[in-house]
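Here is a friendly walk through one protein model, for you to follow with the structure open beside the text. We will go from a single loop residue to an aromatic cluster and then on to two sheets.

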Amino acid sequence: MTELAQYRNIGIFAHVDAGKTTTTERILKLTGKIHKTGEVHDGEATTDFMEQEQERGITIQSAATSCEWNDHRLNIIDTPGHVDFTIEVYRSLKVLDGGIGVFCGSGGVEPQSETNWRYANESGVARIIFVNKLDRIGADFYRVVRQVEDILDAKPLIMVLPIGIEDDFTGIVDLLTRKAWVWDDSGDPENYELLDPPADMADAIEEWREKLIETAVEQDDDVLEQYLEGEEPSIEDIKRCIRKGTIALDFFPAYCGSAFKNKGVQPVLNATVDFLPDPTEVKPQPEVDLEGNETGEFAIVDPDRPLRALAFKIMDDRFGALTFIRIYSGKIGKGVTVLNTFTGKTERIGRIVEMHADSREELTSAQAGDIVAVIGMKNVQTGHTLCDPKNSATLEPMVFPEPVISMAIDPKDKTAAEKMGIALGKMIREDPSFHMETDEDSGETILKGMGELHLDIKVDILRRTHGIDVTVGKPQVAYRETITQRTEDSYTHKKQTGGSGQFAKIDYVIEPGETGSGYEFESAVTGGTVPREFWPAVSKGFQKSMVKGVLAGYPCLDFKVTLLDGGYHPVDSSAVAYELAAGAAYRQTMPKAGPQMMEPIMRVDVYTPDDYVGDVIGDLNRRRGMIKSQEAGATNVHINAECPLSEMFGYIGDLRTMTSGRGQFSMEFLHYMPCPKNVAEEVIKEAKEREAAKK
């Protein structure tokens with residue numbers, strides 16, 4: 001077993017196309033894990049092992065691998081950069097102790113970098129920065145560092161300076177040792193020399209070195225005092241201070257290089273070992289009760305404590321379902337029984353494997369600090385806690401975003417329909433942001449996801465991985481409904497049959513709630529006109545009804561129900577009667593309360609060459625977009641806008657046509673806004689036509 005101090009659980013994350021996967025490949029090559037470097041653009045990257053990843057040159061699902069560097073064990077997760085797959089980044093960051101944020105030397109801090117950085121801040125993950133692609137036209141290390149400060153509100157601690165830029169980029173200067181790492185053009189990362197830095201960089205090196213030391217020594221009063229008295233601390237003391245500040249998230253050591261050209265990766269690996277925390281140095285995971293409230297207990301990273309592990313990813317492959325788990329405390333072995341606190345059932349650990357992308361090594365046991373995959377789990381899902389059956393506890397669960405886009409799919413024949421059900425079940429277990437439902441009236445299967453690309457990939461997996469041919473409907477927007485007026489009303493439910501009848505009377509107010517408040521219920525009944533034990537039934541009746549709005553049948557958002565008064569019958573009143581009364585009251589009152597259609601608004605970030613800015617902005621305006629900002633970069637202009645999702649279908653094709661294939665964009669859900677009248681009328685009309693077609 002490796003000592004916990006020698007562990008580093010790290011993730012590599014960035015905006016799409018900043019070079020995460022290429023950086024991971026170089027790390028695997030340098031650590032001796034692979035002997036031939038695979039390139040993303042050739043579809044041969046080790047961690048991009050899905051067919052869809054190899055064809056599109058993007059990472060779709062996070063891949064785990066382990067390697068060794070300087071007697072330390074690195075568990076690495078390479079995450080996707082595309083906005084439709086942020087769920088993979090979120091759940092990976094949840095179980096990691098440290099990360100490497102990769103930024104493109106010319107693209108700088110891009111939208112997805114912001115989202116990932118925000119997730120990492122929320123998860124309290126220590127990071128180092130790697131500014132990649134410095135060999136590219138328009139690359140500028142110092143500009144990217146300024147963007148990290150301005151856009152991410154983070155403090156980069158510059159550890160190295162680049163020697164040359166663009167085509168002339170040859171290496172870096174390590175500010176601590178004042179040594180230049182210079183690589184030759186052979187493309188072999190091992191072919192470098194440690195030289196004296198170029199003479200013309202002497203002033204810049206001293207200036208940045210002084211800033212580095214001044215920032216670092218603030219972490220330790222004794223070292224600071226020594227420095228203020230004019231004595232330079234030892235490199236060991238400075239490194240100790242940098243480690244302390246990095247783990248405290250006070251600053252982020254910043255490196256640079258070109259992973260594709262094999263320049264600058266070793267110092268990043270050294271920094272991973274020197275400055276990122278081991279599992280015992282991060283804030284322990286809080287334990288919660290079944291309602292999700294913190295109990296005050298923590299899962300302390302220690303192999304001798306009771307087992308606490310979090311399942312953070314399910315992956316189905318040719319050997320069966322793999323459950324990826326991060327073990328926080330205790331240990332597991334083959335054949336051991338563990339408790340899943342979510343289901344309340346025990347499961348037996350079949351085999352334990354250490355993953356290297358899609359290949360694996362068998363293990364007999366694993367301990368606190370490890371990230372491993374377990375084969376044979378039947379009912380475990382993402383976010384479930386596995387623990388010692390004799391000493392149970394639940395770890396803080398994961399919260400996943402709601403899908404904003406849906407499409408109907410239809411299998412070609414009956415055999416395909418049976419296979420499709422099983423395949424979709426597996427895919428939903430793997431991806432918590434992917435949902436499926438069956439339309440009760442039409443029997444259609446509806447897929448729901450985070451974006452067009454997300455659903456496109458899922459259909460592709462159905463067809464190729466599972467061999468199921470399906471017909472695909474056009475994507476649908478996840479509209480919502482809400483109300484705009486406070487309405488007071490009353491409803492009496494009376495039913496008399498042979499035996500005892502049903503009676504429930506409720507007087508209530510339905511009013512608009514705060515944006516994002518969902519559904520709220522309150523009772524202001526006094527005097528027992530509606531007995532207290534029936535209040536939850538009234539709330540349940542309204543809550544069950546809100547899944548179908550009165551305008552077009554979309555779920556209803558953000559309203560509050562207050563129960564004012566009512567009546568009951570000592571024999572005929574029951575919870576069921578009050579629930580039915582509330583359901584009928586919802587249908588009676590919602591049309592009077594100024595119902596309104598709501599549409600999802602997306603944050604859209606477009607990158608376009610300067611020449612096409614006018615066309616792109618004009619097109620976004622035609623799509624009912626609101627331009628929020630535009631900012632000139634080294635090689636292109638970044639336009640930030642807010643647009644309705646319904647107007648953005650097929651946008652990538654139009655953008656490429658407009659910009660001669662050079663524009664790119666990313667999009668993520670922002671919030672719901674009221675629909676304009678003409679759009680709402682069209683949506684309601686379509687909904688009625690669909691209803692009529694079903695009949």
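## A loop residue and its surroundings

D97 sits in the loop that connects α3 (86-95) with β4 (98-104). Please keep in mind that this is a predicted model. Is D97 buried or exposed? Its relative accessibility is 3%, so D97 counts as buried. The side chain of D97 makes a polar contact, at 3.0 Å, with the side chain of R326. R326 also appears among the contacts of D97 that remain when neighbours within four places in sequence are set aside; the others are N9, V125, A126, P277, D278, P279 and V282.

## Aromatic rings and charges

Across the whole structure, a search finds 13 aromatic pairs. One of them joins F103 and W117 in a tilted arrangement, with 6.0 Å from centre to centre and 50° between the planes. F103 belongs to strand β4 and W117 to helix α4 (residues 111-123), so this pair ties together parts that are 14 residues apart in sequence. With 2% relative accessibility, F103 counts as buried, and W117, also at 2%, counts as buried too. F252 joins these two residues, and F103, W117 and F252 form one aromatic cluster.

W117 has a charged partner as well: R127 lies over its face. Elsewhere, K211 lies over the face of W208. The table sets out these two cases.

| Charged residue | Ring | Distance from the ring centre |
|---|---|---|
| R127 | W117 | 4.3 Å |
| K211 | W208 | 4.0 Å |

## An antiparallel sheet

Next comes an open sheet of 4 strands, in the order β7-β8-β9-β10, with antiparallel pairing. Which strands stand at the edges? They are β7 (160-163) and β10 (192-195); each has a single partner strand, so one side of each is left without a neighbour in the sheet. From one strand to the next, the twist averages 25°. Strand β9 (residues 179-183) runs antiparallel to β10, and 4 bridges join the two. If you would like a residue pair to look for here, W181 stands opposite L194 in β10.

## A mixed sheet and its helices

Another open sheet of 4 strands has mixed pairing and follows the order β31-β32-β34-β33. Its edge strands, β31 (487-495) and β33, each pair on one side only. On average, neighbouring strands of this sheet are turned by 25° against each other, direction ignored. Within the sheet, β32 and β34 run antiparallel and are joined by 8 bridges. To find a residue pair in this sheet, look at E511, whose bridge partner in β34 is K560.

Two helices lie across strands of this sheet. Helix α12 lies across β32, β33 and β34, and runs at about 155° to β33. Helix α13 lies across β31, β32 and β34, running at about 40° to β32.

Which residues of helix α12 (residues 535-545) are buried? They are W535, A537, V538, S539, G541, F542 and S545. An α-helix has 3.6 residues a turn, so residues three or four places apart point the same way. The buried residues of α12 pack against β32 (502-512), β33 (519-523) and β34 (559-567), and also against α13 (575-589).

Technical notes: Residues numbered from 1 in each chain as written. Predicted model: local features only at pLDDT ≥ 70, side-chain atom pairs only at ≥ 80, totals over all residues. Heavy atoms only, no water. Buried < 20%, exposed > 50% of the residue type's maximum accessible area, 1.4 Å probe, protein only. Polar contact = N/O pair within 3.5 Å; in protein donor to acceptor, adjacent residues only side chain to side chain. Contact = heavy atoms within 4.5 Å. Phe/Tyr/Trp six-rings, centres within 6.5 Å; stacked < 30°, edge-to-face > 60°. Lys NZ or Arg CZ within 6 Å of the ring centre and 35° of its normal. Pairing = 2+ DSSP bridges. Axes fitted to C-alpha atoms, helices over the stretch in contact; angles between N-to-C directions.
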